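Me: Hi! Could you walk me through this model? I'll throw quick questions at you as we go.

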Amino acid sequence: MDALAAHGVKHLFTLSGNQILSIYDATVGSNIALVHTRHEAAAVHMADAWGRLTDQPGVALVTAGPGHCNAISALYGALMSESPVVLLSGHAPRGQLGTGAFQEMDQVGAARPVTKAAWLAESVDALGDDIARALALATSGRPGPVHVSLPGDLLEAMAGNGPRLVAQAPPAAMDLSVAAVRETIGLLAGARRPLIITGPAMGRGKRWRVVAALAELTQIPVLVMESPRGVNDPSLRAAAACLTEADVVLLLGKKLDYTLRFGRPPAFAADVRFVHVDFDAGTDPAAGVNALLRVARERTWRRTEWRDEVETAQRALPPGWDRLQASPRSPMHPVRLCAALQPHLDRGAVLVSDGGEFGQWAQAALVAQTRLINGPSGSIGSAVPMALTAKIVHPDRTVITTLGDGTFGYHALEFDTALRYGLPIVAIIGNDARWNAEYQLQIQHYGAERTVGCELLPSRYDRIVEALGGHGECVEQPEELAPAVERAIASGRPACVNVAIDGTAAPTFKGRVPAH
Ligand SMILES: Cc1ncc(C[n+]2csc(CCOP(=O)(O)OP(=O)(O)O)c2C)c(N)n1
Ligand SMILES: [Mg+2]
């Protein structure tokens with residue numbers, strides 16, 4: 001606890017268990033608050049959102065064995081979103097290992113594929129070092145999740161000299177050769193349609209500030225890729241088509257992976273040139289971009305039509321959406337639903353959007369100053385817990401989360417957490433009574449007559465939230481929506497607006513890259 005406090009940790013996102021009660025006990029009288037969730041994955045999603053919103057590590061604390069396993073699915077989201085998270089899990093006592101101890105399992109081995117590093121704490125006197133190392137590693141280089149398993153005997157032992165707090169060496173500056181930097185800047189300067197594409201972490205916090213400075217100086221358009229739909233990220237709108245026109249692409253902390261269709265046509269031109277600047281655990285990505293920036297300053301750069309083209313494509317609403325925004329049809333179109341939310345985002349509300357088809361519509365239609373999405377993991381279910389963290393980080397701002405009816409089921413009971421901690425988030429459920437993303441794929445691949453298994457009931461999810469003590473609204477007619485959202489926000493309680501929507505396929509834009 002002292003080590004966590006010394007590194008500025010204020011919250012432990014957690015779910016209790018035998019093996020970690022000594023840590024709970026140590027929070028009594030400390031400045032660290034426990035936020036007790038209803039599922040270990042929710043605790044990690046909350047820590048993930050903390051990492052993404054504050055650029056500081058979010059810390060989750062769960063119990064051994066099954067608690068640890070429940071947490072692991074959410075680590076995948078943090079890993080793919082490059083979010084600094086530390087997962088601390090209770091663990092069977094070392095003296096009992098191999099004897100069939102309660103909840104004994106290879107926790108480190110289970111966490112390894114979804115973390116930057118994972119280890120078992122070995123000594124009580126080194127616990128402070130373990131915590132310091134885990135927190136530093138989570139934030140350094142490419143941020144991501146780190147796991148430490150804490151054996152029960154160690155947590156119950158007496159520490160000799162109190163935790164030692166090692167000062168962490170700052171991450172090494174990137175070893176970019178001067179020649180490589182000059183060649184890169186030369187390539188960009190000589191390009192007719194250069195583009196910068198960043199990964200999730202480069203699009204956030206202090207790293208983003210340097211990327212934005214490079215883009216501003218060079219007048220090169222920059223796209224942040226954090227959607228699991230990659231080049232079909234709905235928030236790119238028609239800008240996705242610009243990818244095919246780019247002649248030089250600078251990838252900053254962004255792999256040429258599935259999200260970029262591996263850099264091949266038709267997503268990119270056959271003769272496009274990629275420059276890939278990436279980061280490992282120990283290097284400072286902002287320093288690498290700064291090296292580019294320094295050399296770029298030696299030239300003069302002019303604003304180009306190309307940059308305007310990309311920006312306009314991303315900003316412009318597709319033709320016909322103004323009609324959808326005002327359509328009186330019911331069940332309402334997702335664009336009609338979003339039209340009632342945008343005024344709140346314009347007034348500073350935070351947007352947390354989950355995936356699924358409704359999530360794609362929300363991400364395409366809504367523009368927010370602060371936005372979290374599920375991320376390249378393509379996992380659904382994190383929106384409600386992430387919205388809770390957004391409310392902790394931004395208590396004075398409205399927090400709106402948009403999610404599908406199927407998705408709501410994952411962590412609906414986190415509305416109980418919202419009530420216990422006084423976190424009045426507003427969840428907008430686009431209820432189409434099915435797992436529409438999969439239903440749409442069935443239509444596309446197997447035909448409309450072979451849709452199977454993806455139906456849901458038009459359930460009154462708003463009543464679940466009411467039953468827990470929150471505010472519920474059920475909306476069927478478009479004109480009822482804006483007042484219902486107003487009432488939900490004004491209630492000052494955690495709220496659910498359950499909206500009957502037309503389950504249409506995700507939006508398409510001119511130049512969208514075919515999936516197969
Ligand atoms: C953890 C996880 N399980 C399954 C999926 C596959 N999946 C993606 S979208 C989706 C349907 C979501 O349904 P809903 O929340 O109702 O949104 P809709 O698509 O209907 O708008 C499913 C099952 C996933 N992405 N992540
Ligand atoms: Mg649905």
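Reply: Happy to; we can take the metal site, the cores, a few helices and the salt bridges in turn. Keep in mind that this is a predicted model.

Me: Great. Which residues coordinate the magnesium ion (ligand 2)?

Reply: Asp405 and Asp432 each give an OD atom and Arg434 gives its O, at 2.1 Å.

Me: And what spacing do those donors follow along the chain?

Reply: The donors of the magnesium ion (ligand 2) are spaced as D-x26-D-x1-R.

Me: Is Asp432 buried or exposed?

Reply: Asp432 is buried, at a relative accessible area of 12%.

Me: Let's go inside. Which residues touch the most other members of the largest nonpolar core?

Reply: Those are Val352 and Phe408, in a core of 41 residues. Helix H3 (residues 40-54) supplies the largest share of this core, with seven residues.

Me: What does Phe408 touch?

Reply: Setting aside residues up to four places away in sequence, Phe408 touches Leu403, Phe415, Ile429, Tyr461, Ile464 and Val465. There is also a second, separate core of 30 residues, and its members include Val335, Ala340, Ala362 and Leu366.

Me: Ile464 caught my eye. Which surface patch does Ile464 belong to?

Reply: Ile464 forms a nonpolar patch on the surface with Leu413 and Leu468, and together they have about 200 Å² of accessible area.

Me: Where is Leu413?

Reply: Leu413 sits in the loop between helix H17 (405-411) and helix H18 (414-420). Its relative accessible area is 36%, so Leu413 is partly exposed.

Me: Switching to helices: how many residues of H15 are buried?

Reply: Nine of the 10 residues in H15 are buried, so this helix is mostly covered. Among them are Phe358, Trp361 and Ala362, along with the polar-named pair Gln360 and Gln363.

Me: What packs against H15?

Reply: The buried residues of H19 pack against helix H15 (356-365). In H19 (residues 436-446), the buried residues are Asn436, Ala437, Tyr439, Gln440 and Gln442.

Me: And what happens just after H19?

Reply: Gly447 comes there, with a positive phi of about 100 degrees.

Me: Now salt bridges. How many does the count come to?

Reply: The count comes to 19 salt bridges. One of the pairs is Arg207 with Asp55, whose side chains meet at 2.8 Å, N to O.

Me: Why does that pair tie together distant parts of the sequence?

Reply: Arg207 is in helix H9 (residues 205-218) while Asp55 is in the loop between H3 and strand S3 (58-62), so the bridge ties together parts that are 152 residues apart in sequence.

Me: Are those two buried or exposed?

Reply: Arg207 is buried at 3% relative accessibility, and Asp55 is buried as well, at 13%.

Me: What about Arg142, which residue does Arg142 bridge to?

Reply: Arg142 forms a salt bridge with Asp278, and their closest N and O atoms are 2.4 Å apart. Arg142 lies in the loop between helix H6 (127-139) and strand S6 (145-151), and Asp278 in the loop between strand S10 (273-277) and helix H11 (285-296), so this pair ties together parts 136 residues apart in sequence.

Me: How do Arg142 and Asp278 fare for accessibility?

Reply: Arg142 counts as buried at 18%, whereas Asp278 is partly exposed at 22%. The cut-off matters here, because buried means under 20% relative accessible area.

Me: And which residue pairs with Arg329?

Reply: Arg329 forms a salt bridge with Asp502, with the closest N and O atoms 3.1 Å apart. The two are 173 residues apart: Arg329 is in the loop between helix H13 (321-325) and helix H14 (334-346), and Asp502 is in the segment after strand S16 (495-500). Arg329 is partly exposed at 44%, and Asp502 is partly exposed at 23%.

Me: Which residues are linked in a network of salt bridges?

Reply: Glu216, Arg303, Arg307, Asp308, Glu311 and Arg315 are linked that way.

Me: Last one: where is His91?

Reply: His91 is in strand S4 (residues 85-91), and it is buried at 5% relative accessibility. Leaving aside neighbours within four places in sequence, its contacts include Gln19, Met105, Leu120 and Pro151.

Definitions and conventions
Residues are numbered from 1 along each chain as its sequence is written. Chains are lettered from A and ligands numbered from 1 in the order in which they are written. This is a predicted model: local features need pLDDT of at least 70, side-chain atom pairs count only at pLDDT 80 or more; totals for chains, interfaces and linings use all residues. Side-chain values use heavy atoms; hydrogens and water are left out. Patches are made of residues with over 30% relative accessible area and no salt bridge: like charges are joined within 9 Å, nonpolar side chains (Val, Leu, Ile, Met, Phe, Trp, Tyr) within 5 Å. Accessible areas come from the Shrake-Rupley method with a 1.4 Å probe; for residues, only the protein chains shown count as cover. A salt bridge is a side-chain nitrogen of Lys or Arg within 4 Å of a carboxyl oxygen of Asp or Glu. Helices (H or I, at least four residues) and strands (E, at least two) are DSSP runs, numbered from the N terminus. Buried means under 20% relative accessible area, exposed over 50%, partly exposed in between (1.4 Å probe, protein chains only). Contact means heavy atoms within 4.5 Å. Donors are N, O and S atoms within 2.8 Å of the metal (3.2 Å for Na, K and Ca); water is not among the atoms, so sites may look incomplete. A nonpolar core is a set of buried Ala, Val, Leu, Ile, Met, Phe, Trp, Tyr and Cys residues joined through side-chain atoms within 4.5 Å.
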